[in-house]
Amino acid sequence: MPRHTETRNLPYSPEQLFDLVADVSGYREFLPWVAAVRVRSDSPTLMVADLVVGFGALKETFTSRVEKQRPLSILTDYIDGPLKYLHNSWKFRPDGKGGTDLDFCVDFAFKSRIFETLAGQMFDRALRRMIHAFEERAHELYAPAGSPAAAAGSGISRSSAQSAA
């Protein structure tokens, strides 16, 4: 059962990062395995959305409930699809220097042993790709031209990371 937690310092405000993560309908634009998104309902504090995720020939639909507490946190819980469970959290804390300390956690398990085995083999690589995609998207949207963040591109610092399977 893959679980991953990490903290990163990013040169964007908590509000900017909150907006990026909360824009689930935009995931298809920058997350390579998201084939489609359908937002069933959305309010300032709660969203229910379907994501169609594809890995090669496999495509699955995940329905999630997303609790939003602007600009502090986004908590995602699984409702329906091929998983036993999914818990995902994003917590945004100002770092006192104009950036954000971002705490990220994902914990999930598939119903199917086959999917669980495949996920275990691909989890670390897929997770790194997802984190990189969010960082690149933040860079595209928020890094001012000529800023250190703009010059660094995806060279955003990683302060700690741990994975457990």
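Which residues make a nonpolar surface patch of about 240 Å²? The patch is made by Phe-55, Leu-58 and Met-122. The model is a predicted one.

**The fold in outline**

The protein has 165 residues, and 44% of them count as buried. Its secondary structure comes to four helices and eight strands. Read from the N terminus, the elements run β-α-α-β-β-β-β-β-β-α-α-β.

**Three residues to look at**

Start with Met-122, one of the patch residues. Met-122 sits in helix α3, which covers residues 113-142. Its relative accessible area is 30%, so Met-122 is partly exposed.

Now move along helix α3 to His-132. Is His-132 buried or partly exposed? His-132 has a relative accessible area of 36%, so the residue is partly exposed. His-132 also shows how the chain folds back: Leu-31 is 101 residues away in sequence, yet the two C-alpha atoms are 9.5 Å apart in space.

Leu-10 belongs to strand β1. Leu-10 has a relative accessible area of 6%. The cut-off for buried is under 20%, and therefore Leu-10 is buried. Leu-10 and Gly-98 are 88 residues apart along the chain, but 9.2 Å separates their C-alpha atoms.

**Space inside the protein**

Rolling a probe the size of a water molecule over the atoms shows where empty space is left. How many cavities of 30 Å³ or more are there? The count comes to one. About 140 Å³ of space lies in this largest cavity. Its lining has 15 residues, and those closest to the centre are Leu-10, Trp-90, Leu-102, Phe-134 and Glu-135. So the buried Leu-10 appears again here, among the residues closest to the cavity centre.

Several elements give two or more residues to the cavity lining: β1 (3-10), α1 (14-22), β6 (83-94), β7 (100-110) and α3.

The largest pocket holds about 920 Å³ of space. Of its 36 lining residues, Trp-33, Val-53, Phe-62, Leu-86 and Met-130 lie nearest the centre. Two or more lining residues come from each of α1, β3 (46-55), β4 (58-69), β5 (73-80), β6, β7 and α3.

Which element gives the largest share of the pocket lining? The answer is α3, with nine residues. Helix α3 also gives the most to the lining of the largest cavity, with five residues.

The table sorts both linings by class.

| Lining | Nonpolar | Polar | Charged |
|---|---|---|---|
| Largest cavity | 12 residues | no residues | three residues |
| Largest pocket | 31 residues | three residues | two residues |

The cavity lining has no polar residues. The pocket lining has three.

**An uncommon peptide bond**

Most peptide bonds are trans. Which residues does a cis peptide bond join here? The cis bond joins Arg-70 and Pro-71, with omega at about -10 degrees. Pro-71 is placed in the loop between β4 and β5. Both of these strands give two or more residues to the lining of the largest pocket.

**Putting it together**

Helix α3 is a good thread to follow through the model. The helix holds Met-122 of the nonpolar patch. His-132 is found there too. Helix α3 gives five residues to the lining of the largest cavity and nine to that of the largest pocket.

Definitions and conventions
Residues are numbered from 1 along each chain as its sequence is written. This is a predicted model: local features need pLDDT of at least 70, side-chain atom pairs count only at pLDDT 80 or more; totals for chains, interfaces and linings use all residues. Side-chain values use heavy atoms; hydrogens and water are left out. Patches are made of residues with over 30% relative accessible area and no salt bridge: like charges are joined within 9 Å, nonpolar side chains (Val, Leu, Ile, Met, Phe, Trp, Tyr) within 5 Å. Accessible areas come from the Shrake-Rupley method with a 1.4 Å probe; for residues, only the protein chains shown count as cover. A salt bridge is a side-chain nitrogen of Lys or Arg within 4 Å of a carboxyl oxygen of Asp or Glu. Buried means under 20% relative accessible area, exposed over 50%, partly exposed in between (1.4 Å probe, protein chains only). On a 1 Å grid over the protein atoms alone, a cavity is a set of points where a 1.4 Å probe fits but cannot get out, and a pocket is an open set with protein on both sides within 12 Å along at least five of seven lines; lining residues have an atom within 4 Å of a point. Grid points are joined across faces, edges and corners, and a volume is the space filled by probe spheres set on the points. Ala, Val, Leu, Ile, Met, Phe, Trp, Tyr, Cys and Pro count as nonpolar, Asp, Glu, Lys and Arg as charged, and the others, Gly among them, as polar.
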